[in-house]
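I opened the model today to look up one helix and the open spaces in the fold. My entries are below.

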Amino acid sequence: MSLGPAETIDANRSVQGRQDGLQVSAAPCAPSDSPGAGLPIHALLPLDDPELKQIVGEFIDKLATRLGGMQAALQAGDFELLAREAHWLKGSGGTVGFPHFTTPAANLEAAAKSNDRESAAKLLRELDSLRQRLVRPIVEQALATPLVTGDQPRPNKPSKATSIECVFPASDADFKRIADDFLARLDERLFGMLGLVQESAFEDLMNEGLWLNRAGEAAGFPAFGALAENLLRAAEREDLSACQQSLQEILQARQQVR
């Protein structure tokens with residue numbers, strides 16, 4: 001299976017991922033007809049940008065867990081979940097500079113929708129083989145460069161120098177759990193939003209904006225409210241550039257959360 005062509009890379013931002021240690025295959029193997037099979041794979045993003053460098057590293061850290069979840073879905077016969085995860089990878093891989101995943105992930109999505117277990121298993125092995133060849137960039141320092149520039153900041157937009165804290169008392173275990181759960185869910189959904197922006201899935205982006213607006217307030221992070229509103233309105237107008245900028249601002253705010 002030949003790899004897909006490199007697609008236009010958008011300077012989208014993502015956030016931290018966590019690796020749970022699920023293994024995808026015991027003996028992954030790259031297809032012999034893949035160009036550069038076995039060679040290290042570097043992201044096609046300008047990694048002199050420390051923010052992009054961190055994003056690439058976080059995608060790599062998260063990928064093993066997501067592929068492990070896909071394998072578990074296949075074993076359980078949950079082809080609907082497998083198709084959704086493959087759809088996420090199809091969009092997110094190229095967004096963070098790894099278009100190598102686009103074609104096999106698209107094929108995996110099609111196999112899952114057809115309940116083709118044998119093809120899905122083969123494609124998961126191919127994807128895991130690609131994952132093992134990824135080169136993780138070294139992040140030398142914390143993020144320091146603003147993601148969005150402009151003459152005047154938007155109303156209620158948190159400044160880069162200001163940290164964002166939960167308005168609930170951190171000493172209360174229940175409130176802390178709510179805040180932690182929200183941030184974990186936000187990290188998961190931001191990966192999905194990257195793919196939605198790339199695919200111009202405006203209706204889905206509207207739903208994500210609504211979720212963030214409500215969930216942020218409920219979890220004690222009202223700072224995300226105005227940012228979510230910007231994303232929602234941009235998606236309603238089907239303004240792709242504004243959606244990209246709004247998502248970047250949300251990702252910047254996520255970096256500021258203490």
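These notes go from the helix to the pockets.

I noted first that this is a predicted model, in which local features need pLDDT of at least 70 and side-chain atom pairs count only at pLDDT 80 or more, while totals for chains, interfaces and linings use all residues. Residues are numbered from 1 along each chain as its sequence is written, and side-chain values use heavy atoms, with hydrogens and water left out.

Entry 1, helix 2. I looked up its length, taking helices as DSSP runs of H or I with at least four residues, numbered from the N terminus. Helix 2 covers residues 79-95, and because the expected span is 1.5 Å times one less than the number of residues, its 17 residues should span 24 Å, which agrees with end C-alpha atoms 24 Å apart. After helix 2 comes G97, with a positive phi near 100°.

Entry 2, its surroundings. I found that twelve of the 17 residues of helix 2 are buried (under 20% relative accessible area with a 1.4 Å probe, protein chains only), among them F79, L82, W88 and L89. The buried residues pack against helix 1 (50-76), helix 3 (102-113), helix 4 (117-133) and helix 5 (173-198), where contact means heavy atoms within 4.5 Å.

Entry 3, the largest pocket. A pocket is an open set of points on a 1 Å grid over the protein atoms alone, where a 1.4 Å probe fits, with protein on both sides within 12 Å along at least five of seven lines, and lining residues have an atom within 4 Å of a point. I read that 18 residues line the largest pocket, and R66, R84, E85, W88 and G192 lie nearest its centre.

Note on methods: Helix = DSSP H or I, 4+ residues; strand = E, 2+ residues; numbered from the N terminus. Buried < 20%, exposed > 50% of the residue type's maximum accessible area, 1.4 Å probe, protein only.
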